[in-house]
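Trainee: Got a minute to go through this one with me? I'd like to hop around a bit and ask things as they come up.

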Amino acid sequence: MNITVEDVAPCKKRLKIEVPANRVKQAYDRVTDDFQREARIPGFRPGHAPRTVVVKKFHKDIESEAQRSLVPEAYQEAIKEKKLRVVSQPEIEDLKYQAGLSLSFSTVVELVPDFKLPEYKGLVLKKQETGVTDAEIDQTLKSLADQRAHFDDASERPLAMDDFAVISYIGKLDGKPLLDLLPEAKNLGHNPNFWLWMRTEGFLPKFAEQCVGMTKGEKRTVEVEFPADFPQTELAGKKAQYDVELKEIKVKQAPALDDAFAQEVAKMDLADLKVRVRENMEQEKKSKAGTASRAEIVHTLISAVEFDLPPSSVDEETHATVYDIVAENQARGVPATVLEEKKDEIFSNAAKAARESVKFKFIAAQIAEKEKIDVTQEQLAQHLAFLAQREGLTMEKMVDRVRKNNAFGIIRQQLIRQAVLDFLLKEAKSE
């Protein structure tokens, strides 16, 4: 078989493959044999029609099937012979076929980039703080108590900061109701029973401060200046007026941090609850520290070496990243109109993240190969069991889903990259 390889661009090569006549004939004859065994031709028993009759009737089908078997077979042999590490699906070009004579075609393929690994052992990382202070424990317990707080009516006094004001409000812009201007953002325009926590950073800019001193039943107009980067572009940089009526003043009453509280929360006394909280917080900090250190490793390695990336790999990763960004913003309630307005920014950020992700994938793959890092079938099975539990599926259904999506290879590579990061973290040093 004649194979030539031409450079097209970084990470791209063109293969020109020519299959010799004898092999073309062998493939044609093999397919003809299959047709002869299965052919149903009037006047002949199945499988007993003369070869010449079968060829005459199914000549085009035989040729087509011979090509379908020869092309992928020849392609696989070519990349194996030339030791090419292909990352893209082949696109067949210039296919030429003459029955019994020859078959030739070309294809452009993208390859694993060729680069020299940067130094990856003994990376110096920032020391991550994993200790927990008494003040942090106290704050966590206070948050637990706040979750169990109740609200009492305030005494007959004016509204003050840190109160909870139950208000009714109607917003207007240039005298027109915000509800008419922004029907999809109802809470910006009107709310007949809104609980406003009286604090500086709450709700809308300077809204709470202008309500200080109101008494129950009082009505007041407050003015809000929206920031230039406000998500609702119709209001960005503009001033709106809100007609506000104070209906009630509520004061939060949290339970005392004592043994009774600890017993209600966790069936233990306060001292033991503090120990439990410390353990949980330390575990959470260690987890966050590990995540931060892994991110630092990735950044250090991708910054230490430059090489070209296969365009198809970057494109695929970019589209996946865009999908994740949009899905996350939709889950947070960001309107579709805002996402559409920011689509260029979203795509730009996704493309940058995708390039970094693809770059690290190639670095990690080379480290795994050099350090002989792999995952066992048992580890793969454990991960699938974890995914099944998280998704609420049986193991059988999870395996079936992964098989249908042809995702075993993807999951295996993800686990290998995780193992590489674990290896690099173990080898790293802290400042």
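Trainee: Let's start with F203. Is F203 buried, exposed or partly exposed?

Mentor: Keep in mind that this is a predicted model. F203 has a relative accessibility of 33%, so F203 counts as partly exposed.

Trainee: And where does F203 sit?

Mentor: F203 is in the loop between β9 (190-197) and α6 (207-211). The phi of F203 is near 50°, which is a positive value in a residue other than glycine.

Trainee: Why bring up the sign of phi?

Mentor: Because most residues other than glycine have a negative phi.

Trainee: Ok, what about K372, what's phi there?

Mentor: K372 has a phi near 55°, a positive value, and K372 isn't a glycine. You'll find K372 in the loop between α11 and α12 (377-391).

Trainee: Is K372 buried or exposed?

Mentor: Exposed: the relative accessibility of K372 is 74%.

Trainee: Switching to helices. How do α9 and α11 cross?

Mentor: Helix α9 covers residues 311-331 and helix α11 covers residues 343-371, and their axes come within 8 Å, crossing at roughly 125°. That angle is over 115 but not over 145 degrees, so α9 and α11 are oblique to each other. The crossing of α9 past α11 is right-handed.

Trainee: Which residues make that contact?

Mentor: From α9 it's S313, V314, E317, T318, T321, V322 and I325. From α11 there's a list including I346, F347, A350, A351, V358 and F362. Sorted by class, the contact of α9 with α11 has eleven nonpolar, four polar and three charged residues.

Trainee: Let me pick S313 from that list. Is S313 buried or exposed?

Mentor: S313, which is in helix α9, counts as buried at 16% relative accessibility.

Trainee: What does S313 touch?

Mentor: If you skip neighbours within four places in sequence, S313 is in contact with V87, E110, V358 and F362. V358 and F362 are both on the α11 side of the helix contact we just went through.

Trainee: And H319, which helix is that in?

Mentor: H319 is in helix α9. H319 is exposed, with a relative accessible area of 55%.

Trainee: How far is the C-alpha of H319 from that of F347?

Mentor: Those two C-alpha atoms are separated by 8.5 Å, and H319 and F347 are 28 residues apart along the chain.

Trainee: New pair: at what angle do α3 and α8 pack?

Mentor: About 105°, with the axes of helix α3 (residues 134-147) and helix α8 (residues 270-304) 10 Å apart. An angle from 65 to 115 degrees counts as roughly perpendicular, so that's how α3 and α8 are oriented to each other.

Trainee: Who's involved there?

Mentor: On α3, the contact is made by D134, E136, I137, D138, T140 and L141. On α8, the partners are L270, L273, K274, V277, R278, M281 and K285. By class, the residues of the contact of α3 with α8 come to six nonpolar, one polar and six charged.

Trainee: Tell me more about L270. Buried or exposed?

Mentor: L270 counts as buried, at 15% relative accessibility. Not counting neighbours within four places in sequence, L270 is in contact with L141, L257, D258, D259 and A262. The C-alpha atoms of L270 and D258 are separated by 5.9 Å, with the two residues twelve apart along the chain.

Trainee: What about α12 and α14, how do they pack?

Mentor: α12 and helix α14 (residues 408-427) pack at an angle of about 105°, and their axes are 11 Å apart. α12 and α14 are therefore roughly perpendicular to each other. In that contact, Q379, L380, H383, L384 and L387 in α12 meet F408, I411 and L415 in α14. The class split for α12 with α14 is six nonpolar, two polar and no charged.

Trainee: Last one, a strand residue. Where is T107?

Mentor: T107 lies in strand β4 (residues 102-110). T107 is buried, with a relative accessible area of 0%.

Trainee: So what sits around T107?

Mentor: Leaving out residues up to four places away in sequence, T107 touches K13, R14, L15, Y75, P90, E91 and I92. As for E91, its backbone oxygen lies 3.1 Å from a polar atom of the T107 side chain.

Conventions
Residues numbered from 1 in each chain as written. Predicted model: local features only at pLDDT ≥ 70, side-chain atom pairs only at ≥ 80, totals over all residues. Heavy atoms only, no water. Axes fitted to C-alpha atoms, helices over the stretch in contact; angles between N-to-C directions. Helix = DSSP H or I, 4+ residues; strand = E, 2+ residues; numbered from the N terminus. Parallel < 35°, antiparallel > 145°, perpendicular 65-115°, else oblique. Left-handed = near helix turned anticlockwise from the far one by under 90°. Contact = heavy atoms within 4.5 Å. Nonpolar A, V, L, I, M, F, W, Y, C, P; charged D, E, K, R; others polar. Buried < 20%, exposed > 50% of the residue type's maximum accessible area, 1.4 Å probe, protein only. Polar contact = N/O pair within 3.5 Å; in protein donor to acceptor, adjacent residues only side chain to side chain.
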